[in-house]
Amino acid sequence: MPQFASYLSSFQTDPSQIPLILITFAGMVVVFWELGFRLATLPVIAGVLEKWGRHLTVVVYILLGGYILWDNGTIHQLLRWLWT
């Protein structure tokens, strides 16, 4: 529980800053959406996504999950449990 409390305390901020945070978040969502849309509509990238999009999505999810497990030390802990 102490770890959770320290995690929550990292979100404490001055209430007057919340509108600025929300505006910044909304602005960045729009910027990244527009960037992704423009990249996906380029003919070369659109062709690759059309042909390989489903497979690329699976690969990205597996790699992302593996990275998260590795970064959190889960894989190391599992290996330690198996060999001890």
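Modeller: Let's start with a rule: a nonpolar patch joins side chains of Val, Leu, Ile, Met, Phe, Trp or Tyr within 5 Å, taking residues with over 30% relative accessible area and no salt bridge. A salt bridge means a side-chain nitrogen of Lys or Arg within 4 Å of a carboxyl oxygen of Asp or Glu. This is a predicted model, where local features need pLDDT of at least 70, side-chain atom pairs count only at pLDDT 80 or more, and totals for chains, interfaces and linings use all residues. Residues are numbered from 1 along each chain as its sequence is written, and side-chain values use heavy atoms, leaving out hydrogens and water.

Colleague: Which residues form a nonpolar patch on the surface here?

Modeller: Met28, Val31, Phe32, Leu35, Leu39, Leu42, Val44, Ile45, Val48, Leu49, Trp52 and Leu56, with about 1100 Å² of accessible area together (Shrake-Rupley method, 1.4 Å probe). H2 and H3 are the elements that give two or more residues to this patch. The largest share, 6 residues, comes from H3. Take Ile45, which is found in helix H3: at 32% relative accessibility, Ile45 counts as partly exposed (buried is under 20%, exposed over 50%, partly exposed in between).

Colleague: How many helices and strands does the protein chain have?

Modeller: There are 4 helices and 0 strands, each read from DSSP runs (H or I, at least four residues, for a helix; E, at least two, for a strand). Along the sequence, the pattern reads α-α-α-α.

Colleague: What share of the chain's residues counts as buried?

Modeller: Just 1% of the 84 residues. The accessible surface of the chain comes to about 8000 Å², and 74% of that belongs to carbon and sulfur atoms.

Colleague: How far apart are the end C-alpha atoms of H3?

Modeller: Helix H3 covers residues 43-71, and its ends are only 36 Å apart, although a straight helix of 29 residues would reach 42 Å (1.5 Å times one less than the number of residues). Now look at Trp52: a kink of about 80° in H3 is centred there (the angle between axes fitted to the seven residues ending there and the seven starting there). Trp52 also belongs to the nonpolar patch. After H3 comes Gly73, with a positive phi near 85°.

Colleague: Where is the salt bridge?

Modeller: The structure holds 1 salt bridge. Glu34 pairs with Arg38, and their closest N and O atoms are 2.7 Å apart. An α-helix has 3.6 residues a turn, so residues three or four places apart point the same way. Glu34 and Arg38 fit that idea, being 4 residues apart in helix H2, about one helical turn. Glu34 is partly exposed at 28% relative accessible area, whereas Arg38 is exposed at 56%.

Colleague: What is the angle between the planes in the aromatic pair?

Modeller: A ring pair is described by the distance of the centres and the angle of the planes. Here the count comes to 1 aromatic pair (ring centres of Phe, Tyr or Trp, using the six-membered ring of Trp, within 6.5 Å). Trp33 and Phe37 are stacked, 5.3 Å centre to centre with 10° between the planes (under 30 degrees is stacked, over 60 edge-to-face, the rest tilted). Both lie in helix H2 (residues 18-40), 4 residues apart. Trp33 is exposed, at 55% relative accessible area, and Phe37 is partly exposed, at 45%.

Methods
Buried means under 20% relative accessible area, exposed over 50%, partly exposed in between (1.4 Å probe, protein chains only). Patches are made of residues with over 30% relative accessible area and no salt bridge: like charges are joined within 9 Å, nonpolar side chains (Val, Leu, Ile, Met, Phe, Trp, Tyr) within 5 Å.
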